[in-house]
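Here are some notes for a first reading of this model. Keep the sequence and the structure open while going through the points.

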Amino acid sequence: MARKIIIDTDPGQDDAVAILLALASPDEIDLLGITAVAGNVPLALTQKNARIVCELARRRDVRVFAGCDAPLARPLVTAEHVHGKTGLDGPQLPDPTMPLADGHAVDFLIETLRREPSGSVTLVPIGPLTNIAAAFRAAPDIIPRVGQVVLMGGAYFEVGNITPAAEFNIYVDPEAADIVFRSGVDLVVMPLDVTHKALTSRSRVAAFRGMGTEVGRMVAEWTDFFERFDKEKYGAEGAPLHDPCTIAWLIRPELFTGRHINVEIELEGRHTTGMTVADWWRVSGRGANALFMGGVDDAGFYALLTERLARL
Ligand code: BDR
Ligand code: CA
């Protein structure tokens, strides 16, 4: 039976690919809705971008809710330097015509988790954790009802991408991340340690373009755009497709390896705010609170992505 999920997102080209991968996989994934959050770009753009992506997949029926427009306790930090002014820079994209769903994303999260059978809904946050933490804070009764949280965020061996110590999604709202990591939910974390092993290459982008579909062309053009930044920064051959790793794990978990360990969020560090302090070597004596992933079969990941996106 397909797994019921809610994607919480700040599109972002790699967020867009994650949404498309979910929509292309109805046997495994039942997408109950998308909740948009401020992150890569402000909320006005992320909620719009989420609708653009649904329309690209000809899925105007997917409900897209707007959520929090700022982190819980800090001013918003955005990433136009990576994703461009719109968040989806690269191809020319039409404005969406499908409307936003009525209501606030946080209320949708709470109502859905209260309505659906306990343990049956998986949350997939691929942006800052503001919406999820706000829902947990407002309605703690939903926490034990969450089946699993499968998120993209954090780093250990790869350390930071927005500061020397912190990964972007956690850095933007560390207080929210702290609430989620301490909540006791069944947590799966896709950090930079994994996503920096899932790099695009000429032939992988050519495979997207070679699909000869609108979706294939868009994904190739998005990848071309954000590759420029990562290639320059890391000197790597390609760029990481971070966020689709979460959906790929839901479809084919055997592509990934990780460890059950303790992960704490640094809230006060002079240089390390937003760091995920991951006890990979199990030296702290603190109990495990996350399955922290570390490895990926990157060829298998791109084969899955290409096969699924070609369906759209
Ligand atoms: C994360 O930050 C965003 O820029 C990407 O969409 C991804 O979710 C990677 O650090
Ligand atoms: Ca994202």
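1. A salt bridge is a side-chain nitrogen of Lys or Arg within 4 Å of a carboxyl oxygen of Asp or Glu. By that rule, Asp-178 and Arg-182 are joined by a salt bridge, with 2.9 Å from N to O. The two partners sit in unlike surroundings: Asp-178 is buried, with a relative accessible area of 13%, whereas Arg-182 is exposed, at 61%. Please bear in mind for this point and those that follow that the model is predicted.

2. The structure holds 20 salt bridges, and a few others deserve a look. Arg-252 and Glu-254 meet through their side chains at 2.8 Å, N to O. Here Arg-252 counts as partly exposed because its relative accessibility is 32%, while Glu-254, at 54%, counts as exposed. Some bridges share partners: Glu-28, Glu-307, Arg-308 and Arg-311 are joined in this way into one network. A further bridge connects the side chains of Glu-55 and Arg-60, at 3.2 Å from N to O. Arg-60 is partly exposed, with a relative accessibility of 48%.

3. Which residues coordinate the calcium ion (ligand 2)? The donors come from Asp-10, Asp-15, Ile-126 and Asp-243, at 2.3 to 2.6 Å. Asp-15 appears twice in the list, each time through an OD atom. Asp-10 and Asp-243 also give OD atoms, while Ile-126 gives its O. Along the chain, the donors follow the spacing D-x4-D-x110-I-x116-D. Asp-10 and Asp-243 link distant parts of the chain, being 233 residues apart. Asp-10 lies in the loop between strand S1 (3-9) and helix H1 (13-23), and Asp-243 in the loop between helix H10 (214-234) and helix H11 (244-251).

4. Are these two aspartates, Asp-10 and Asp-243, buried or exposed? Asp-10 has 0% relative accessibility, so Asp-10 counts as buried. Asp-243 is buried too, with a relative accessible area of 2%.

5. Helix H1 should be read together with the calcium site. Of its 11 residues, 11 are buried. Among them are Asp-15, Ala-18, Leu-20 and Leu-21. Asp-15 is also one of the calcium donors.

6. The largest nonpolar core has 63 residues. Which of its residues touch the most other members? They are Leu-20, Trp-222, Ile-247, Phe-256, Phe-301 and Leu-309. H1 gives the most to this core, with eight residues. Ile-247 shows how parts of the chain meet: leaving aside residues up to four places away in sequence, Ile-247 touches Ile-5, Ile-7, Ala-18, Leu-21, Ala-22, Ile-29 and Val-124. Apart from this core lies another, of 40 residues, which includes Phe-181, Val-185, Leu-187 and Ala-278.

7. The structure holds seven aromatic pairs. One of them is formed by Trp-280 and Phe-292, which are edge-to-face, with 6.4 Å from centre to centre and 70° between the planes. Trp-280 lies in the loop between strand S9 (276-278) and strand S10 (290-296), and Phe-292 in strand S10, so the pair ties together parts that are 12 residues apart in sequence. Both rings belong to buried residues: Trp-280 has 12% relative accessibility, and Phe-292 has 1%.

8. Why is the pair of Phe-301 and Tyr-302 edge-to-face? The ring centres of Phe-301 and Tyr-302 are 5.1 Å apart and the planes stand at 85°, so the pair is edge-to-face; the cut-off for that label is over 60 degrees. Phe-301 is buried, with a relative accessible area of 1%, and Tyr-302 is buried at 3%. Elsewhere, ring pairs link Tyr-156, Phe-157, Trp-280, Trp-281 and Phe-292 into a cluster.

9. A last residue to check is Ser-201. Ser-201 lies in the loop between helix H8 (192-195) and helix H9 (202-209). With a relative accessible area of 11%, Ser-201 is buried. Not counting residues up to four places away in sequence, Ser-201 touches Glu-227 and Glu-237.

Conventions: Residues numbered from 1 in each chain as written. Chains lettered and ligands numbered in written order. Predicted model: local features only at pLDDT ≥ 70, side-chain atom pairs only at ≥ 80, totals over all residues. Heavy atoms only, no water. Donors = N, O, S within 2.8 Å, 3.2 Å for Na, K, Ca; no water. Helix = DSSP H or I, 4+ residues; strand = E, 2+ residues; numbered from the N terminus. Buried < 20%, exposed > 50% of the residue type's maximum accessible area, 1.4 Å probe, protein only. Phe/Tyr/Trp six-rings, centres within 6.5 Å; stacked < 30°, edge-to-face > 60°. Core = buried A, V, L, I, M, F, W, Y, C linked by side-chain atoms within 4.5 Å. Contact = heavy atoms within 4.5 Å.
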